[in-house]
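Subject: Structure for your files

Hello,

Here is the structure I said I would pass on. My notes follow below it.

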Amino acid sequence: MGTPLIMADCCRGTPPNRFVYLFRPDPKPGKVRDEPIAAPQDETSVTAADAVVCRQCLHVVTSIAEHQTVNGAHAHTFANPEGIVFDIACYRDAWGCVYVGPSSPQFTWFAGCVWRIAVCANCHVHLGWRFSAVEGHFFHGLIINRLIVREA
Ligand SMILES: [Zn+2]
């Protein structure tokens, strides 16, 4: 006969029990942490292309994903009017460069393209040239021995 009263006491105790349940989800974020550890697997390593960095200061200049073939080749050897020989490689974009001086069509190595001097945005060493055609097409010719490919 006294047992129903005990059960009634249990029912009164349910509101605090709900608070206990509200706290229970907390351990779940801990479990969620396990998932990001497993998640960054292959995709990030595949999408991170090898960086091409300035040899002098290691500033990231471009990436090998920007490799461009121009006039049938990625790499070219040219001499400037002073007779200085440059081995250059062609890249579409080179976000680690800044440009100095005006565009010039003089002694251009690529017919139909004007060039601007491209320097490292960080240490300002001369890295090559940005070539652009009238149509808006552009690419960079970067001096190979002033760059390092840093594997991702
Ligand atoms: Zn630099």
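How many helices and how many strands does the chain have? There are 4 helices and 9 strands. Along the sequence they come as α-α-α-α-β-β-β-β-β-β-β-β-β. Please keep in mind that this is a predicted model.

Confidence

The average pLDDT of the chain is 80, and 69% of the residues score at least 70. Residues 1-46 are another matter: pLDDT stays under 50 there, and the model has 1 contact beyond four places in sequence for this stretch. Where pLDDT is low, the predicted coordinates should not be read in detail.

Whole chain

Of the 152 residues in the chain, 19% are buried. Among contacts with a separation of 6 or more, 50% are between residues 24 or more positions apart.

The sheet of 6 strands

An open sheet of 6 strands runs in the order β3-β4-β8-β7-β6-β5, and its pairing is antiparallel. Its edges are β3 (75-79) and β5 (97-104); each has a single partner strand, so one side of each lacks a neighbour in the sheet. From one strand to the next, the twist averages 30 degrees.

Within this sheet, the antiparallel strands β7 (residues 126-133) and β8 (residues 138-143) are joined by 5 bridges. One bridge pairs Phe 131 with Phe 139 in β8.

The sheet of 3 strands

A further open sheet has 3 strands in the order β2-β1-β9, again with antiparallel pairing. Here β2 and β9 (147-150) are the edge strands, and because each has a single partner strand, one side of each is left without a neighbour in the sheet. The twist in this sheet averages 30 degrees from one strand to the next.

β1 pairs with β2 (residues 60-63) in the antiparallel sense over 3 bridges, and Val 52 has Thr 62 in β2 as its bridge partner. The two strands form a hairpin with 5 residues between them. In the turn, Leu 58 has a positive phi of about 65 degrees.

The core

Which residues touch the most other members of the largest nonpolar core? They are Val 61, Leu 127 and Leu 142, in a core of 22 residues. At least two residues of this core come from each of β1 (51-54), β4 (85-91), β6 (113-120), β7 and β8.

Leu 142 touches Val 61 and Leu 127, and also Ile 88, Ala 89, Tyr 91, Ala 94, Gly 128 and Leu 147, when residues up to four places away in sequence are not counted.

Phe 139

Is Phe 139, a residue of strand β8, buried or exposed? Phe 139 has 21 C-beta neighbours inside 10 Å; the cut-off for a buried residue is 20 or more, so Phe 139 counts as buried. Its contacts, leaving aside neighbours within four places in sequence, are Gln 68, Val 70, Cys 90, Tyr 91, Arg 92 and Phe 131. Phe 131 is thus listed both as a contact of Phe 139 and as its bridge partner. Tyr 91 is in contact with Phe 139 and is also touched by Leu 142. Thr 69 lies 70 residues from Phe 139 along the chain, and the C-alpha atoms of the two are separated by 9.6 Å.

Regards

Key. Residues numbered from 1 in each chain as written. Predicted model: local features only at pLDDT ≥ 70, side-chain atom pairs only at ≥ 80, totals over all residues. Pairing = 2+ DSSP bridges. Axes fitted to C-alpha atoms, helices over the stretch in contact; angles between N-to-C directions. Core = buried A, V, L, I, M, F, W, Y, C linked by C-beta atoms within 7 Å. Buried ≥ 20, exposed ≤ 12 C-beta atoms within 10 Å, placed from the backbone. Contact = placed C-beta atoms within 7 Å. pLDDT = per-residue confidence, 0-100.
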